[in-house]
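This report describes selected features of one protein model. The structure is shown first, and the account then proceeds topic by topic.

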Amino acid sequence: MNLFNDLDLTGAFTLSTLNEQVAQALDRSFPEACWIQAETSDVRVQGSAGHCYLEFVEKNASSGQIVAKARGTIWARTFHLLNPYFEKETGQAFVSGLKVLVKVTVEFHKLYGYSLNVIDIEPSYTLGDLVRKRQEIIRRLQEEGIFDLNRELPFPVLPQRIAVITSPTAAGYGDFENQLMNNPAGYPFYLKLFPALMQGEKTEESIIAALDRICLHTDCFDVVVLIRGGGSASDLNCFDSYLLAAHCAQFPLPLITGIGHERDDSIVDLIAHTRLKTPTAVAAFLIGRMDEQAKLIDNLQQAFCSHVMEALSTQQTYLKLLAARFPSLVMSRIERNRTQLQILRSTLPASLLLTMTRRTALTEIRQRLQNRWTEYVNRHNREMELTEQFLKMASPNYVLQRGYTLILKEGKIVNRASGLSVGDEVTARFADGDRTVVVR
């Protein structure tokens with residue numbers, strides 16, 4: 001059964017019709033230009049045409065959260081007039097994070113949607129809360145002495161073990177991982193993802209939680225990488241948080257960021273050890289560090305080989321000189337040894353006689369030592385036998401076997417009658433055993 005058969009579509013709008021009616025309603029509601037207060041965000045100028053594209057945002061005064069956002073455009077002809085005027089009056093370039101008072105016309109294009117076209121600006125409306133708050137946070141970090149802490153950490157020689165903080169679904173993470181794992185030189189990198197939100201109200205809390213998890217295993221990592229894909233500048237406001245910046249500044253591992261576009265510098269970027277534009281730029285930086293060490297190793301290898309070749313050449317020259325002199329050296333040594341042999345031959349008979357005399361003397365000395373040793377051993381054996389006999393006769397068992405008895409009281413020998421009382425129970429020890437007796 002087709003459920004759409006029962007639907008009445010006669011009153012339904014097409015999307016283009018609906019958008020046209022919305023545009024007409026806006027034209028009727030705002031027939032003339034009006035002044036609005038807002039903060040600029042994601043300001044960018046198209047290089048070729050000169051048009052300025054941006055976003056206008058409004059934030060809650062107490063929470064700081066964005067409560068309204070609108071796309072804005074300053075066409076090239078107007079921007080060429082307003083931008084120099086604004087910079088001259090305020091001393092400030094027209095960039096993101098400014099609180100501005102602008103005159104706009106409200107437009108709604110059925111294809112591109114709702115936008116505000118700027119036709120005038122009031123320069124006296126000074127810097128907005130975004131810039132002021134950024135300056136306050138930066139000043140606070142500097143006064144607390146932590147602004148430069150992470151940048152002062154030594155960077156590892158081989159940054160291979162990488163803790164990555166990003167959203168698992170971020171396209172930038174996939175590009176980062178692919179570029180590292182498939183680097184042309186084949187360097188081994190070890191990645192561990194610590195998932196976190198990269199936009200929204202809970203971004204700050206989520207990233208701090210990821211940092212805390214990494215902090216439990218700092219020995220396992222060389223660096224921490226904080227990356228995200230592209231996005232508007234207003235989505236980067238969470239990276240201007242004091243709490244997040246303080247955590248990053250005091251983190252014990254070097255922090256590398258790739259969280260925005262080249263024109264956007266968040267506070268986290270400013271306090272990070274190394275700030276790069278994009279995740280792929282971070283990957284290229286890490287590969288570049290490995291390339292530097294590989295080049296250094298290559299240079300050392302070449303220097304080593306050069307030294308070895310030089311040493312071999314020196315030894316080869318020495319061996320050639322030695323080979324040229326070897327025959328004369330051998331003949332000289334032979335003649336010298338022949339002379340020594342002749343001298344030994346002439347002295348050999350006298351040496352043999354002396355040897356025989358000393359051998360006879362040694363034989364006599366050995367015989368005398370053997371006789372004295374035998375006498376000494378016999379004498380001490382007799383003394384040991386006499387000592388053994390004396391100890392045997394002094395033994396209590398020997399005395400008992402001769403018919404005597406030992407009286408023991410509480411395990412001790414009683415050698416006087418006064419040591420016993422009537423009724424005492426004592427032990428009488430005989431040669432063949434013990435008996436318990438009572439004194440009467």
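## Surface patch at the start of the chain

The model is a predicted one. Leucine 18 has a relative accessibility of 39% and therefore counts as partly exposed. This leucine belongs to helix α1, which covers residues 15-29. Together with Phe13, Leu15 and Val22, Leu18 makes a nonpolar surface patch of about 380 Å².

## Helix α8

Helix α8 runs from residue 279 to residue 393 and has 115 residues. Its end C-alpha atoms are only 101 Å apart, whereas a straight helix would reach 171 Å at 1.5 Å a residue. A bend of about 45 degrees occurs in α8 at arginine 325, and proline 327 follows within four residues.

The buried residues of α8 are Pro279, Val282, Ala283, Phe285, Leu286, Ile287 and Met290. In general, residues three or four places apart in an α-helix point the same way, because such a helix has 3.6 residues a turn.

## Salt bridges

How many salt bridges does a search of the whole structure find? The search finds 11, and three of them are described here.

Arginine 134 pairs with aspartate 240, with 3.0 Å between the closest N and O atoms. Arginine 134 is in helix α3 (residues 129-143) and aspartate 240 is in the loop between β8 (223-227) and α6 (242-249), so the salt bridge ties together parts that are 106 residues apart in sequence. The arginine is partly exposed, at a relative accessible area of 22%, while aspartate 240 is buried at 15%.

Another pair joins arginine 161 to aspartate 222, the closest N and O atoms again being 3.0 Å apart. Because arginine 161 lies in strand β6 (residues 161-166) and aspartate 222 in the loop between α5 (203-215) and β8, this pair ties together parts 61 residues apart in sequence. Arginine 161 is partly exposed, with a relative accessible area of 32%; aspartate 222, at 15% relative accessibility, counts as buried.

The side chains of arginine 44 and aspartate 42 also meet in a salt bridge, with an N to O distance of 2.9 Å. Arginine 44 is partly exposed at 35% relative accessibility, and aspartate 42 is buried, with a relative accessible area of 6%.

## Positive phi values

Aspartate 42 has a second feature of note: its phi is near 55 degrees, a positive value in a residue other than glycine. This aspartate is placed in strand β1, residues 34-45.

Glutamate 410 likewise has a positive phi near 55 degrees and is a residue other than glycine. Is glutamate 410 buried or exposed? With a relative accessibility of 75%, glutamate 410 counts as exposed. Its location is the loop between β11 (406-409) and β12.

## Cysteines

How many disulfides does the count give? The count comes to zero. A disulfide is a covalent bond between the sulfur atoms of two cysteines. For cysteine 34, the closest cysteine sulfur is that of cysteine 52, and no bond is possible because the two sulfurs are 18 Å apart, which is too far.

Cysteine 34 is partly exposed, with a relative accessible area of 21%. Cysteine 305 also counts as partly exposed, at 40% relative accessibility. Cysteine 220, in the loop between α5 and β8, is partly exposed with a relative accessible area of 44%.

## Separations between C-alpha atoms

Valine 104 is located in strand β4, residues 99-109. At 0% relative accessibility, this valine counts as buried. Its C-alpha atom is separated by 5.7 Å from that of isoleucine 119, a residue 15 positions away along the chain.

Two further pairs can be set beside that one. The C-alpha atoms of cysteine 220 and arginine 77 are separated by 56 Å, with their positions 143 residues apart along the chain. Serine 421 lies in the loop between β12 (412-413) and β13 (425-430) and is partly exposed at 42% relative accessibility. The C-alpha atom of serine 421 is 104 Å from that of glycine 258, the two residues being 163 apart along the chain.

Definitions and conventions
Residues are numbered from 1 along each chain as its sequence is written. This is a predicted model: local features need pLDDT of at least 70, side-chain atom pairs count only at pLDDT 80 or more; totals for chains, interfaces and linings use all residues. Side-chain values use heavy atoms; hydrogens and water are left out. Patches are made of residues with over 30% relative accessible area and no salt bridge: like charges are joined within 9 Å, nonpolar side chains (Val, Leu, Ile, Met, Phe, Trp, Tyr) within 5 Å. Accessible areas come from the Shrake-Rupley method with a 1.4 Å probe; for residues, only the protein chains shown count as cover. A salt bridge is a side-chain nitrogen of Lys or Arg within 4 Å of a carboxyl oxygen of Asp or Glu. Helices (H or I, at least four residues) and strands (E, at least two) are DSSP runs, numbered from the N terminus. Buried means under 20% relative accessible area, exposed over 50%, partly exposed in between (1.4 Å probe, protein chains only). A disulfide is a pair of cysteine sulfur atoms within 2.5 Å. The expected span of a helix is 1.5 Å times one less than its number of residues. The bend at a residue is the angle between axes fitted to the seven residues ending there and the seven starting there.
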